[in-house]
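User: Please take one polar contact in the core of this model and follow its surroundings outwards, with the cut-offs behind each term. I would like one connected account rather than a list.

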Amino acid sequence: MPTILQISDTHLSPRNGLFLDNVATLRRIAEDRRPDLTVFSGDLSLDGADREDDLAFAADLLRAFPGPHLFIPGNHDTGSHPVGMPHQPVNAERLARYRRFFGDGFGAVDLPGWRAVGLNTEIMATGVEEEAQAAFVAATAATIGDRRLALFLHKPVFVTTPDDPAIDVWSVPPASRPGLAPLLGHPALRLVASGHLHMFRQEAEGAVSRIWCPAASFVMTPDQQDNLQGLRRCGALLHHLAEDGVTTEMLDLPDTWAADVKHLTYPG
């Protein structure tokens, strides 16, 4: 039975030395459990959107995990939609910097009976290099064959309801959701796993498990997140892929609260 280790929101930087113990713990787990794939689902760096040394530092640490790897960016790696990050909008320069260390930002890995797909949520609805990812989505959906599908994103597709019209900092822009239909509506889909929210939540929709991966770095209080509801713990996830479904194991890490490290992370 294949396994996928999902690690999200490591927020690494050589400027503060934070979260290194958690990354070291996860690396030991990976070396012991030997997952068939490790997915790093965004915000790998603290401020890679503007600092190349943050991306380089994160790449050195995360590429040391047993492979294969699938890396997808978060808003702090490349910038994002200008509604959420007006001072760091995603652009060609930021994407090129990310690619030097982590690759395209989207991709697929085939495992026995399964296809794991990672997408770049930060370019969605921005008009920046969306065509290549759209072509990838179409081709990936058309060639799955008899495999089951596990989809990984940084931002969740939605946080309230699938038809929520609001553009916010928490989820994929509504205008981009129809473009995900070849994968989200695919009969092989069994897992949609995202990060970004620094909390764990799991819901079932028919045969599909929808999961928010906790952060490997820090957690936030409800008032910092528009009262979004979930389990506020640091951790990672180990997905066990069966013939026609997924069971997910929570890997607990020591908790760090955002307020306690704000002066060393995002003090503005």
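Analyst: **The serine pair and its surroundings**

The side chains of serine 41 and serine 8 are joined by a polar contact of 2.9 Å (N or O atoms within 3.5 Å, one able to donate a hydrogen and the other to accept it, with sequence-adjacent residues counted only if both atoms are side-chain atoms). This is a predicted model, in which local features need pLDDT of at least 70 and side-chain atom pairs pLDDT 80 or more, while totals for chains, interfaces and linings use all residues. Residues are numbered from 1 along each chain as its sequence is written, and side-chain values use heavy atoms, without hydrogens and water.

Serine 41 belongs to strand E2, which covers residues 37-41 (strands, at least two residues, and helices, at least four, are DSSP runs numbered from the N terminus). With a relative accessibility of 0%, serine 41 counts as buried (under 20%; over 50% is exposed and in between is partly exposed, with a 1.4 Å probe and protein chains only). Once residues up to four places away in sequence are set aside, serine 41 touches Gln6, Ile7 and Ser8, as well as Ile72, Leu153, His154 and Gly195 (contact means heavy atoms within 4.5 Å).

One place before serine 41 the account turns to aromatic rings, of which the whole structure holds 6 pairs (centres within 6.5 Å, planes under 30 degrees apart counting as stacked, over 60 as edge-to-face and the rest as tilted). The rings of phenylalanine 40 and phenylalanine 71 form a stacked pair, because their centres are 5.0 Å apart and their planes meet at 10°. Phenylalanine 40 lies in strand E2 and phenylalanine 71 in strand E3, residues 69-72, so this pair ties together parts that are 31 residues apart in sequence. Both phenylalanine 40 and phenylalanine 71 are buried. A second pair, between phenylalanine 106 and phenylalanine 136, also has its ring centres 5.0 Å apart, but the planes are at 40°, so this pair is tilted. It links distant parts of the chain, since phenylalanine 106 sits in the loop between helix H4 (92-102) and strand E4 (107-111), whereas phenylalanine 136 is in helix H5 (residues 130-142), 30 residues away. Phenylalanine 106 and phenylalanine 136 are both buried. Beyond single pairs, ring pairs link Phe40 and Phe71 with Phe65, Tyr98 and Phe102 into a cluster.

The backbone leading into strand E3 deserves a note of its own. Glycine 67 and proline 68 are joined by a cis peptide bond, with omega about 0°, and proline 68 is found in the loop between helix H2 (52-62) and E3. The loop between strand E5 (114-118) and H5 contains glutamate 129, a residue other than glycine whose phi is nevertheless positive, near 55°. At 29% relative accessibility, glutamate 129 counts as partly exposed.

From the rings, the account moves to open space. The largest pocket holds about 640 Å³ of space (on a 1 Å grid over protein atoms alone, an open set of points where a 1.4 Å probe fits, with protein on both sides within 12 Å along at least five of seven lines; lining residues have an atom within 4 Å of a point). Its volume is the space filled by probe spheres set on grid points, which are joined across faces, edges and corners. The pocket is lined by 25 residues, and those nearest its centre are Asn75, His76, Trp170, Met220 and Tyr266. Helix H3 (75-78) and helix H7 (258-261) are the elements that each give two or more residues to this lining, and the largest share, 3 residues, comes from H7.

Among the residues nearest the centre of the pocket is methionine 220, whose place is in the loop between E9 and strand E10 (235-241). Methionine 220 counts as buried, because its relative accessibility is 14%. Apart from neighbours within four places in sequence, methionine 220 is in contact with His198, Gln225, Arg232, Trp257 and Ala258. Its C-alpha atom is separated by 22 Å from that of proline 86, which is 134 residues away along the chain. The loop between E9 and E10 also holds asparagine 227, which has a positive phi of about 60° although it is not a glycine.
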